[in-house]
Amino acid sequence: MSKAKPRYCEICGAPIRGPGHRIRLEGAEVLVCDRCYEKYGRKKSGFSIMPTGREPRRRAPAPRPKREPKPYRERPLYTEEIVEDFAERVYKAIQRSGKSYEELSHEIGLSVNDLRAIAHGYREPTIKEAKKLERYFKITLIERVEEEEVKEKKTIPKDYEPTLGDIANIRIRKRKK
């Protein structure tokens, strides 16, 4: 009679005494000894990155009520620009108020240096700053400029045949002397 081939634990490599235990570890079924079975085999549930063969239950998302699209309305094209004589208007408004630059800067929400630079024409105010000045002094600093209609694109005539120069961007290199 031949002697039975000894079996070894697939985790620690120790010889298995007795029948051994089959456990599922990260999706693979392995034969382990009693000690490794105590460590790894008793866990009923655990996260495994390996698939288990079952599809996870997916809940159907709740149907969202569809919103009706807003009707498209064409907005007029315009841009806002600061008037040419903004410095003069701001300076006169400051003089009329009779307050110092420090007091005005706190009330308007601009720094003293910004207010002085705008009033003396060293710097043009941003649209945001101009709106603050307009609101406080009740003056007009922003004017709307209507945009011109977009002209039609130039079309290529039907009988036009492009040349190599129309298609390729050719660079001529100078020869080294």
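This section describes the fold, the nonpolar cores, the helix packing and the cysteines of a predicted model.

The protein chain has 177 residues, of which 19% count as buried. Its secondary structure comprises six helices and four strands. Read from the N terminus, the elements follow the order β-β-α-β-α-α-α-α-β-α. Among contacts with a separation of 6 or more, 45% join residues 24 or more positions apart.

In soluble globular proteins, nonpolar side chains tend to be buried together. In this model, the largest nonpolar core contains 20 residues. Val90, Ile94, Leu115, Leu133, Phe137 and Leu141 have the most contacts inside this core. Helix H2 (86–97), H3, helix H4 (112–119) and helix H5 (127–137) each give two or more residues to it. H2 provides the largest share, five residues. Another core lies apart from this one and has eight residues. Cys9, Ile23, Val30 and Cys36 are among the residues of that other core.

Two residues illustrate the contacts of the 20-residue core. Val90 belongs to helix H2. Its relative accessible area is 0%, so Val90 is buried. Beyond its neighbours within four places in sequence, Val90 touches Ile118, Ala119, Leu133, Ile139 and Leu141. The C-alpha atoms of Val90 and Arg116 are 9.7 Å apart, although 26 residues separate the two along the chain. Phe137 is the second example. With neighbours within four places in sequence again left aside, Phe137 is in contact with Ala93, Ile94, Ser97, Leu104 and Ile108.

Two helix pairs were examined for packing geometry. Two packed helices are described by the angle between their axes and the distance between the axes. The axes of H2 and H4 come within 7 Å and cross at roughly 120°. H2 is therefore oblique to H4. On the H2 side, the contact involves Phe86, Ala87, Val90, Tyr91 and Ile94. On the H4 side, Leu115, Ile118 and Ala119 take part. Val90 thus appears both in this helix contact and among the residues with the most contacts inside the 20-residue core. Ile94 and Leu115 also appear in the helix contact and in that core group.

The second pair is H3 and H5. These helices pack at an angle of about 105°, and their axes are 10 Å apart. H3 is therefore roughly perpendicular to H5. H3 contributes Leu104, Glu107 and Ile108 to the contact. H5 contributes Lys132, Leu133, Tyr136 and Phe137. The contacts of Phe137 with Leu104 and Ile108 belong to this picture.

H3 also holds a buried polar residue. Ser105 is found in helix H3, which spans residues 101–108. Ser105 counts as buried because its relative accessible area is 6%, under the 20% cut-off. The Ser105 side chain reaches the backbone oxygen of Glu102 at 2.8 Å. Outside its neighbours within four places in sequence, Ser105 is in contact with Leu110, Ser111, Val112 and Leu115. Leu115 is also one of the H4 residues that meet H2.

The cysteines were considered next. A search of the whole structure finds zero disulfides. A disulfide is a covalent bond between the sulfur atoms of two cysteines. The closest cysteine sulfur to that of Cys9 is in Cys36, at 3.6 Å. A disulfide requires sulfur atoms within 2.5 Å, so this pair is too far apart for a bond. Cys12 is in no disulfide either. Its nearest cysteine sulfur, again that of Cys36, is 3.7 Å away. What is the burial state of Cys9, buried or exposed? Cys9 is buried, with a relative accessible area of 5%. Cys12, at 40% relative accessibility, is partly exposed. Both Cys9 and Cys36 are listed in the eight-residue core.

Pro15 lies in the segment before strand E1 (21–25). Its relative accessibility is 47%, so Pro15 counts as partly exposed. Leaving out neighbours within four places in sequence, Pro15 contacts Arg7 and Tyr8. Pro15 and Val32 are 17 residues apart along the chain, and their C-alpha atoms are separated by 9.3 Å.

Methods: Residues are numbered from 1 along each chain as its sequence is written. This is a predicted model: local features need pLDDT of at least 70, side-chain atom pairs count only at pLDDT 80 or more; totals for chains, interfaces and linings use all residues. Side-chain values use heavy atoms; hydrogens and water are left out. Buried means under 20% relative accessible area, exposed over 50%, partly exposed in between (1.4 Å probe, protein chains only). A polar contact is a pair of N or O atoms within 3.5 Å; within protein, one must be able to donate a hydrogen and the other to accept it, and residues adjacent in sequence count only if both atoms are side-chain atoms. Contact means heavy atoms within 4.5 Å. A nonpolar core is a set of buried Ala, Val, Leu, Ile, Met, Phe, Trp, Tyr and Cys residues joined through side-chain atoms within 4.5 Å. Axes are lines fitted to C-alpha atoms, for helices over the stretch in contact, and angles run from 0 to 180 degrees between N-to-C directions. Angles under 35 degrees count as roughly parallel, over 145 as roughly antiparallel, 65 to 115 as roughly perpendicular and the rest as oblique.
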